[in-house]
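Thanks for coming, everyone. Please look at the screen while I walk you through this one.

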Amino acid sequence: MAPFSSVGHIAFRVNDLDRSLEFYRKLGFPEFLRLTQEDGRPWIAYLRVTDELFLELFPGGDGAEAAGPERTGVNHLCLTTDDIEMTAAHLEAVGVPASAPLVPTKRGVDGNRGMWVTDPDGNRIEIMEMAPGCVQYEALRAMRAGGPAQSLVRPI
(Lines give C-alpha, C1' and ligand atoms only; values in the text may rest on other atoms or scores of the structure.)
Protein backbone atom coordinates (compact mmCIF):
# COMPACT_ATOMS: atom_id res chain seq x y z
CA MET A 1 0.00 0.00 0.00
CA ALA A 2 1.22 3.53 -0.80
CA PRO A 3 2.20 5.63 2.22
CA PHE A 4 0.03 8.57 1.11
CA SER A 5 -3.60 8.68 0.06
CA SER A 6 -3.84 12.14 -1.49
CA VAL A 7 -2.55 15.69 -1.69
CA GLY A 8 -4.10 17.52 1.27
CA HIS A 9 -3.59 21.16 0.36
CA ILE A 10 -1.74 23.58 -1.84
CA ALA A 11 -0.54 26.81 -0.25
CA PHE A 12 0.15 30.17 -1.88
CA ARG A 13 1.66 33.29 -0.34
CA VAL A 14 -0.45 36.15 -1.72
CA ASN A 15 0.05 39.88 -1.99
CA ASP A 16 -3.58 40.92 -1.44
CA LEU A 17 -5.72 38.40 0.44
CA ASP A 18 -9.06 39.96 -0.48
CA ARG A 19 -8.20 40.11 -4.18
CA SER A 20 -7.02 36.48 -4.14
CA LEU A 21 -10.12 35.33 -2.23
CA GLU A 22 -12.33 37.04 -4.83
CA PHE A 23 -10.43 35.36 -7.68
CA TYR A 24 -10.61 31.86 -6.20
CA ARG A 25 -14.30 32.31 -5.26
CA LYS A 26 -14.95 33.00 -8.95
CA LEU A 27 -13.32 29.64 -9.71
CA GLY A 28 -15.81 28.04 -7.31
CA PHE A 29 -13.67 27.60 -4.19
CA PRO A 30 -15.39 29.07 -1.12
CA GLU A 31 -13.51 30.15 1.98
CA PHE A 32 -14.52 27.87 4.86
CA LEU A 33 -11.98 28.65 7.58
CA ARG A 34 -9.75 31.54 8.54
CA LEU A 35 -7.00 31.39 11.12
CA THR A 36 -5.96 34.70 12.63
CA GLN A 37 -3.02 35.92 14.61
CA GLU A 38 -3.44 37.09 18.20
CA ASP A 39 -3.86 40.69 17.02
CA GLY A 40 -6.69 39.67 14.64
CA ARG A 41 -4.71 39.87 11.40
CA PRO A 42 -5.35 36.97 9.00
CA TRP A 43 -2.77 34.20 9.08
CA ILE A 44 -4.28 31.59 6.71
CA ALA A 45 -7.50 31.52 4.69
CA TYR A 46 -8.70 28.03 3.70
CA LEU A 47 -10.66 27.45 0.50
CA ARG A 48 -12.46 24.20 -0.26
CA VAL A 49 -11.63 22.42 -3.51
CA THR A 50 -13.05 19.10 -2.24
CA ASP A 51 -13.61 17.80 1.28
CA GLU A 52 -10.09 16.33 1.12
CA LEU A 53 -8.26 19.05 -0.85
CA PHE A 54 -7.86 22.67 0.22
CA LEU A 55 -6.12 25.80 -0.97
CA GLU A 56 -4.35 27.76 1.74
CA LEU A 57 -3.80 31.45 1.13
CA PHE A 58 -1.18 33.15 3.29
CA PRO A 59 -1.27 36.97 3.18
CA GLY A 60 1.88 39.08 3.35
CA GLY A 61 3.53 38.45 0.00
CA ASP A 62 6.51 40.58 -0.97
CA GLY A 63 4.72 42.31 -3.86
CA ALA A 64 6.41 40.27 -6.59
CA GLU A 65 4.64 37.89 -8.96
CA ALA A 66 5.12 34.13 -8.87
CA ALA A 67 8.13 32.76 -10.74
CA GLY A 68 7.61 32.11 -14.45
CA PRO A 69 7.22 28.66 -16.01
CA GLU A 70 10.95 28.24 -16.70
CA ARG A 71 11.97 28.79 -13.06
CA THR A 72 12.74 25.92 -10.72
CA GLY A 73 9.88 25.21 -8.32
CA VAL A 74 6.15 24.82 -8.65
CA ASN A 75 5.23 25.34 -12.30
CA HIS A 76 1.44 25.48 -12.18
CA LEU A 77 -1.75 24.23 -10.57
CA CYS A 78 -4.03 22.06 -12.73
CA LEU A 79 -7.78 21.97 -12.18
CA THR A 80 -9.81 19.32 -14.01
CA THR A 81 -13.30 19.65 -15.38
CA ASP A 82 -15.76 17.28 -17.02
CA ASP A 83 -16.99 20.00 -19.42
CA ILE A 84 -14.38 22.51 -20.52
CA GLU A 85 -16.78 24.54 -22.67
CA MET A 86 -19.06 25.06 -19.66
CA THR A 87 -16.04 25.94 -17.52
CA ALA A 88 -14.74 28.43 -20.09
CA ALA A 89 -18.19 30.06 -20.28
CA HIS A 90 -18.37 30.24 -16.47
CA LEU A 91 -14.94 31.87 -16.22
CA GLU A 92 -15.87 34.43 -18.87
CA ALA A 93 -19.20 35.16 -17.14
CA VAL A 94 -17.53 35.81 -13.77
CA GLY A 95 -14.78 37.95 -15.30
CA VAL A 96 -11.78 35.60 -15.11
CA PRO A 97 -9.84 36.14 -18.33
CA ALA A 98 -8.02 33.27 -20.01
CA SER A 99 -4.28 33.76 -20.39
CA ALA A 100 -4.37 30.98 -23.01
CA PRO A 101 -7.97 30.48 -24.14
CA LEU A 102 -9.65 27.22 -25.04
CA VAL A 103 -9.26 26.25 -28.69
CA PRO A 104 -12.26 23.92 -29.16
CA THR A 105 -10.68 21.69 -31.79
CA LYS A 106 -7.19 21.49 -30.25
CA ARG A 107 -5.93 18.65 -28.07
CA GLY A 108 -2.58 18.51 -26.33
CA VAL A 109 0.03 15.84 -26.97
CA ASP A 110 -1.57 13.90 -24.11
CA GLY A 111 -4.99 13.91 -25.86
CA ASN A 112 -6.60 16.36 -23.42
CA ARG A 113 -8.18 19.77 -24.01
CA GLY A 114 -7.24 22.74 -21.94
CA MET A 115 -6.92 26.42 -21.28
CA TRP A 116 -5.02 28.59 -18.80
CA VAL A 117 -5.79 31.40 -16.35
CA THR A 118 -3.49 33.32 -14.04
CA ASP A 119 -4.29 34.31 -10.46
CA PRO A 120 -3.67 37.84 -9.12
CA ASP A 121 -0.14 36.87 -8.00
CA GLY A 122 0.91 35.38 -11.33
CA ASN A 123 0.37 31.71 -10.45
CA ARG A 124 -0.46 29.81 -13.62
CA ILE A 125 -3.56 27.60 -13.49
CA GLU A 126 -4.23 25.01 -16.15
CA ILE A 127 -7.85 24.02 -16.74
CA MET A 128 -7.97 20.52 -18.25
CA GLU A 129 -10.68 18.22 -19.55
CA MET A 130 -9.20 14.72 -19.35
CA ALA A 131 -10.05 12.55 -22.36
CA PRO A 132 -11.10 8.94 -21.62
CA GLY A 133 -8.24 7.61 -23.75
CA CYS A 134 -5.60 10.17 -22.76
CA VAL A 135 -2.01 9.03 -22.28
CA GLN A 136 -2.21 9.51 -18.51
CA TYR A 137 -5.16 7.10 -18.19
CA GLU A 138 -3.57 4.61 -20.59
CA ALA A 139 -0.32 4.69 -18.58
CA LEU A 140 -2.26 4.16 -15.32
CA ARG A 141 -4.04 1.16 -16.84
CA ALA A 142 -0.68 -0.29 -17.89
CA MET A 143 0.80 0.35 -14.44
CA ARG A 144 -2.13 -1.36 -12.71
CA ALA A 145 -1.62 -4.34 -15.01
CA GLY A 146 1.99 -4.58 -13.80
CA GLY A 147 3.64 -2.90 -16.76
CA PRO A 148 6.53 -0.44 -16.61
CA ALA A 149 6.22 3.34 -16.51
CA GLN A 150 5.16 4.69 -19.88
CA SER A 151 7.18 7.12 -21.99
CA LEU A 152 5.93 9.49 -24.67
CA VAL A 153 8.08 11.48 -27.04
CA ARG A 154 6.93 15.09 -27.08
CA PRO A 155 7.03 16.65 -30.54
CA ILE A 156 8.63 20.07 -30.58
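**Helix α1 and its surroundings**

The buried residues of α1 pack against six strands: β1 (9–13), β2 (31–36), β3 (42–48), β4 (54–58), β7 (113–118) and β8 (124–129). Before I go on, a reminder: this is a predicted model.

So which residues of α1 are buried? Helix α1 covers residues 17–26, and the buried ones are Leu17, Ser20, Leu21, Phe23 and Tyr24. They span an arc of only 160° around the axis, so they sit on the same side of α1.

Now the two ends of that helix. At the N-terminal end, Asp16 acts as a cap. One of the side-chain oxygens of Asp16 is 3.2 Å from the backbone nitrogen of Asp18. At the other end, look just after α1. There Gly28 adopts a positive phi, about 105°.

**A loop residue**

Next, find the loop between β7 and β8. Asn123 is in it. Is Asn123 buried or exposed? Its relative accessibility is 13%, so Asn123 counts as buried; the cut-off for buried is under 20%. What does Asn123 touch, if we skip neighbours within four places in sequence? Its contacts are Phe12, Ala66, Val117 and Thr118.

**Salt bridges**

How many salt bridges does the structure hold? The count is 7. I will take three of the pairs.

Start with Glu85 and Arg113. Their closest N and O atoms are 2.7 Å apart, in a salt bridge. Glu85 belongs to helix α2 (residues 84–93) and Arg113 to strand β7, so this pair ties together parts that are 28 residues apart in sequence. The two partners are placed as follows. Arg113 is buried, at 9% relative accessibility. Glu85 is partly exposed, at 38%. There is a further partner here: Glu85, Arg113 and Glu129 are linked in a network of salt bridges.

The second pair is Arg41 with Asp39. Here the closest N and O atoms of the salt bridge are 2.7 Å apart. Arg41 has 46% relative accessibility and counts as partly exposed.

The third pair is Glu138 with Arg141. Their salt bridge has its closest N and O atoms 2.6 Å apart. Both residues lie in helix α3 (residues 135–144). Because they are 3 residues apart there, about one helical turn separates them. Glu138 is partly exposed, with a relative accessible area of 40%. Arg141 is partly exposed as well, at 41%.

**Cysteines**

Last topic. How many disulfides does a search of the whole structure find? The answer is 0. Take Cys78, which is in no disulfide. The nearest cysteine sulfur to it belongs to Cys134, 11 Å away. Why is there no bond from Cys134 to Cys78? Because the sulfur of Cys134 is 11 Å from that of Cys78, its closest cysteine sulfur, and that is too far for a bond. A pair would have to be within 2.5 Å to count as a disulfide.

Their settings can be put side by side. Cys134 is buried, with a relative accessible area of 1%. Cys78 is partly exposed, at 33%.

**To wrap up**

Two things to take away. The buried residues of α1 are on the same side of the helix. And Glu85, Arg113 and Glu129 form a linked salt-bridge network. That's it from me.

Terms used
Residues numbered from 1 in each chain as written. Predicted model: local features only at pLDDT ≥ 70, side-chain atom pairs only at ≥ 80, totals over all residues. Heavy atoms only, no water. Buried < 20%, exposed > 50% of the residue type's maximum accessible area, 1.4 Å probe, protein only. Helix = DSSP H or I, 4+ residues; strand = E, 2+ residues; numbered from the N terminus. Arc of directions from axis to C-beta. Contact = heavy atoms within 4.5 Å. Polar contact = N/O pair within 3.5 Å; in protein donor to acceptor, adjacent residues only side chain to side chain. Salt bridge = Lys/Arg side-chain N within 4 Å of Asp/Glu carboxyl O.
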